[in-house]
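This report walks through selected strands, a helix, a disulfide and a loop residue. Please keep the structure open while reading.

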Amino acid sequence: MNDFVSNANMSPSSTALQSASLLRLLLLSTAFIFASAPSIAEEATHTCPDGSATEIVIEAFGFDNAKWMKRNGAGEPQSSANVEGRYELIEYVNFYSGGTLEQEGELYRWTNDGDVSWLMSIDLEALTVTQVDGPYEGEVMRLYADRGICAAYFGGQLGSAVSHLDGSQPLESTALAELAQFINNELKFFAREDWAQIAANATAFIALYEAESEPLFSEPELVRPEDGLSPEGLIQFALKEAVQRTVFQGELDVADARAFEESALFPGPVSAMADRVSGATVEIDGDYQTDPGFFLNDQETVIRPTGLYAAPGEVVTISIPDTAVSDKLSIRVGIHRADMRAGTWEEFNRIPVISSLYDVSDATVSVANPFGGGIYFEVAEGAALGVFEAEISGAVRMPMFSTLPLKGHSSDLETYQNRVDQWLVPWFELHSPNFSATLPMEEGRLYSEPSDLIELLNRGFDDINLMAGRPQERFRSEWLSYDRFITYQGTAMAASYPAYSMVNLKSVGEFLVAPENWASPIRYMDPDFFDITAEEAVGREDEWYINTWLHELGHLHNLPTLEYQEIESNVHLLGSVFYDRTMGTDIDTALQFSGFQFFDRNQAALDTMFSPNWQAGQRLSSGEQPYGIFDNELRYQTRSWARIVEIAGLYGWEAVGEIHKAFYLRGREQGAAINYGVEDDDFIETASSALNRNLGPVFDFWGVPPSTELSERLLSFPLPEAFRSRLLNYRDIAPKTLEEFEAVRAVHAQLHRPDSEVMIRMDWYLEQFDQQMADTIVGRIDSILSLFNEGSAADQDSDGVADADDNCPQDTNASQLDTDSDASGDACDSDDDGDGLTDDQELTTGTDPLRSDTDGDGVTDKDEIDAGSDPLDSNSLPGAASTEVLRLALEEPAQDQVHMGVGNLRGWAVATEVISRVEILIDGAYQFDAPYGGVRRDVAGAFPDVPGSDSSGFSLAFNYSDLTAGQHSITAVAHTASGASVASSANFEIVRFESAFLGGDDAVSLDSASCQLEDDSIALLDALMDGKGRGVTLKWRVAEQGVEIVEIR
């Protein structure tokens, strides 16, 4: 192939224009997506070994026709065929998208949106691009051109291979090896139109080899075909790859349909007992529109399942309405659509391409795949075909559990379980609006009741979208599957759609099954998921991959990302929000499990504070490091995304969503998603504006200090007072002595191997640690804390409430709970309910220290004890110890009751004097006077001698949803005309939806809901409320004679 390039006869052209076009090829993202570029063709000829000539076409082209490949040392570069054009770029260099291109004399300088600038030369005749300066100085990229196959000569050579294999004309080893290399190289230029000339010999060779030899890749180890297979095996490999790339793509000639024996190894066989469907109908959603405010990897098309499987080599016929025929619609056979050559692999344990994609240019399409596979429609972005029916014949039904509201989809558990038990095809599928999976049947019985997992993952993706600041309704369901090896070299799992985990075993029948298979999402259903000892955590940087799927989903979601090394940082936010908000663990455990270091906020903070950059007030990963192995301060480091988790811990994941939403809205306005290369100041200022708080101190502590100019602008925002207590905590845990540092190191040593990056760093810190370092760390924290004291009110207890406004200035109580509304918060009040008994006394008597009238009989606990009656018995009232009566009972809300929506607020008050009014205070603040004078014959019976006791009630309908969710206190105070008063209090909880009022016919839908009894309550599951799938718990209220929502999940 090198000879082919050097011998090409180039016709003259405009070198500058061609060079500029070629340089556009360099603008490549880490997801290997090219920006579109104009196409400029060059024509030349290639001389075949028999003297015939074939045309060469050299193009500068857009992303559809390009592949970047890595050259493995010396020798021939290994290229790959590309279905759309088979153009090749060799010598992979990690270029980034965007930037500008400027000519400098005969050279060209490319500069990205950050600070990377490379100078390059272009040799159009040699088809090379050479880097003149920069990190890859002297390295060469080569453009391989498309040409026609040397058809006549190749056909004869392939005939020789057949004659060798059938024994009629055997070749000696050297000649056979040269023949195999020629066929392998020439087939890289094979096109569909060449098939007719070689079909007879190609099919004969494939059949002979399959009859005499084991299937290719019978063992799971990766093999480089050029030197790991026999010459005959290399020819078989090259033929099957070329045939799969061309004959079984685009449009099928049914006469060509055949099975490859490797299908039994992967993706697996179809049972001989399986029936084929005839005229099965399934609905397909033919609409697909992405969102310009953000970008998901591989969003150019969306996959729509049919629940049907094509057996290897068998023809399946699919009919759709004429109105659905479109160039935006394709039919795929085989979910494993990853091209392993595009993943920069040169070693394989399966044929590099095993999926087939067919055009839909007619209302009836025939499809087949030598490897078999599930049948799917792929819908291109911008399609508006509506929901249409597809009629399919010749396929086998897959086990499929689907909550999608489409014909052919079903969540009938019995049908699904029966098909799993029958095991007729090698894969089963799960589908829902947010999550889809194609998984091996070996795991089928583990997913025998998938509803809970689907509900968990649907909520998880809702929470991910909330964190990402994106609309709750996703434009596609994220898809998980397995492949026989990693689809992109250098990763543990590609950030692709679908995402593929690796199961590197001999055949599909030997898959590891969950929970041993780390990528299986069924692991999230383990009630002991978060139970892990320090010993089990050791080595998780390399061995415990449970986060890998969520990590790669982070790459796939392309959140707004800072520069430096942060591309491997905020991807872990998906795991953080999923573990915290969806799975319900605490924020620090979520942070630990979201990464590979098992650090909570305190441990991540210590890791941050030990950095010399941090101690110098510089950004992490900036400047020259005094210690070579520590040039990575952020990639995969918990401290790099802990700053965002810190914000979530302070203000909730909704706050993180508001920050990201600001970038989402900016992207929509600009018509281009904002993801990578966000400048530090831009992110900090945008975040501060979104939350109306000066977040500079938060980012500064976590190693991203704002510039001086930005710091001045941020003074217009209030400081994040809640962060003060976190800073004091970090100051407290910072080691002040060598002994304290060694104690920190000992904790790290429990979590990490001695040779891990963390422990190598800790050992270096140990050598450097002295009193000066300790003082520097504390001084750095104090400098950030000083921002909270300059020009701001004192806050002795650092609870975020200024002393002047704090009802307990020396006791931390950010909630400011004051049960008896006496201006002394519960945190420092010895008598929380104000009944005259101290909290300690009430613990002795057994009365409630948070309720002044424990038995609700209208007499305070202190008065009952003084009068000799029982404060725990509502029927035990004081005797006529006094002729004066002043009593009040707050009956609803009752102590510790849960409320939402409109409910009762009621009670009664009697007095020898006339009751003039009843005040209602909530959280210590006056709200209104309650209507007084309601009929209460029960109270009149208890106080027959008190005038007006039969009209002593107060009651009103109160909208509890006007209050924020969480704990609240309420106090009713009855006043007499002479100025006497009595109070009764209770603490209660509010649950509510985000909206205070749900209106409209579609605000609540119970179409897919179910219910179950739970003790004295009813649980309503999977209801659509306030635009989200929810579960709610309802309880019977005796006083209201009705049910009320007491929990929202």
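Strand β10 is joined to strand β17 (residues 384–393) by 7 bridges, and the two run antiparallel. A280 stands opposite I392 of β17. Note that this is a predicted model.

**The open sheet**

The β10 and β17 pairing belongs to an open sheet of 4 strands, in the order β10-β17-β12-β15, with antiparallel pairing. Its edge strands are β10 and β15 (364–367), each of which pairs on one side only. From one strand to the next, the twist averages 25°. In general, strands of a sheet pair through backbone hydrogen bonds, either parallel or antiparallel.

**Strand β13 and its partners**

Strand β13 covers residues 329–333 and is mostly covered, with 5 of its 5 residues buried. Side chains alternate between two directions: L329, I331 and V333 point one way from β13, while S330 and R332 point the other way. Both groups are buried. That includes R332.

What does β13 pair with? The table lists its partner strands.

| Partner of β13 | Residues | Bridges | Direction | Residue paired with I331 |
|---|---|---|---|---|
| β16 | residues 373–380 | 5 bridges | antiparallel | F377 |
| β14 | residues 356–359 | 4 bridges | antiparallel | Y358 |

I331 thus appears in both pairings: its bridge partner in β16 is F377, and Y358 stands opposite I331 in β14.

**A loop residue: D291**

D291 lies in the loop between β10 (280–287) and β11 (301–310). Is D291 buried or exposed? Its relative accessibility is 11%, so D291 counts as buried; the cut-off for buried is under 20%. The side chain of D291 reaches the backbone nitrogen of G293 at 2.8 Å. Leaving aside residues up to four places away in sequence, D291 touches P471, F475, Y664 and R668.

**Helix α24**

Helix α24 has 12 residues, 757–768. How does its span compare with expectation? At 1.5 Å a residue, α24 should span 16 Å. The C-alpha atoms at its ends are 17 Å apart, which agrees.

Which residues of α24 are buried? They are V758, M759, R761, M762, W764 and Y765. An α-helix has 3.6 residues a turn, so residues three or four places apart point the same way. The cover over the buried residues of α24 includes α15 (601–609), α16 (612–615), α17 (638–651) and α23 (738–751).

**The disulfide**

How many disulfides does a search of the whole structure find? The search finds 1. C808 and C828 form the disulfide, with their sulfur atoms 2.0 Å apart. The torsion about the S-S bond is about -85°, so the disulfide is left-handed. Both C808 and C828 lie in the loop between α25 (771–789) and α26 (839–845), so the pair ties together parts that are 20 residues apart in sequence.

The two cysteines carry their own accessibility values. C808 has 0% relative accessibility, so C808 counts as buried. C828 is partly exposed, with a relative accessible area of 34%.

Terms used
Residues are numbered from 1 along each chain as its sequence is written. This is a predicted model: local features need pLDDT of at least 70, side-chain atom pairs count only at pLDDT 80 or more; totals for chains, interfaces and linings use all residues. Side-chain values use heavy atoms; hydrogens and water are left out. Buried means under 20% relative accessible area, exposed over 50%, partly exposed in between (1.4 Å probe, protein chains only). A polar contact is a pair of N or O atoms within 3.5 Å; within protein, one must be able to donate a hydrogen and the other to accept it, and residues adjacent in sequence count only if both atoms are side-chain atoms. Contact means heavy atoms within 4.5 Å. The expected span of a helix is 1.5 Å times one less than its number of residues. Two strands pair if DSSP finds at least two bridges between them. Axes are lines fitted to C-alpha atoms, for helices over the stretch in contact, and angles run from 0 to 180 degrees between N-to-C directions. A disulfide is a pair of cysteine sulfur atoms within 2.5 Å.
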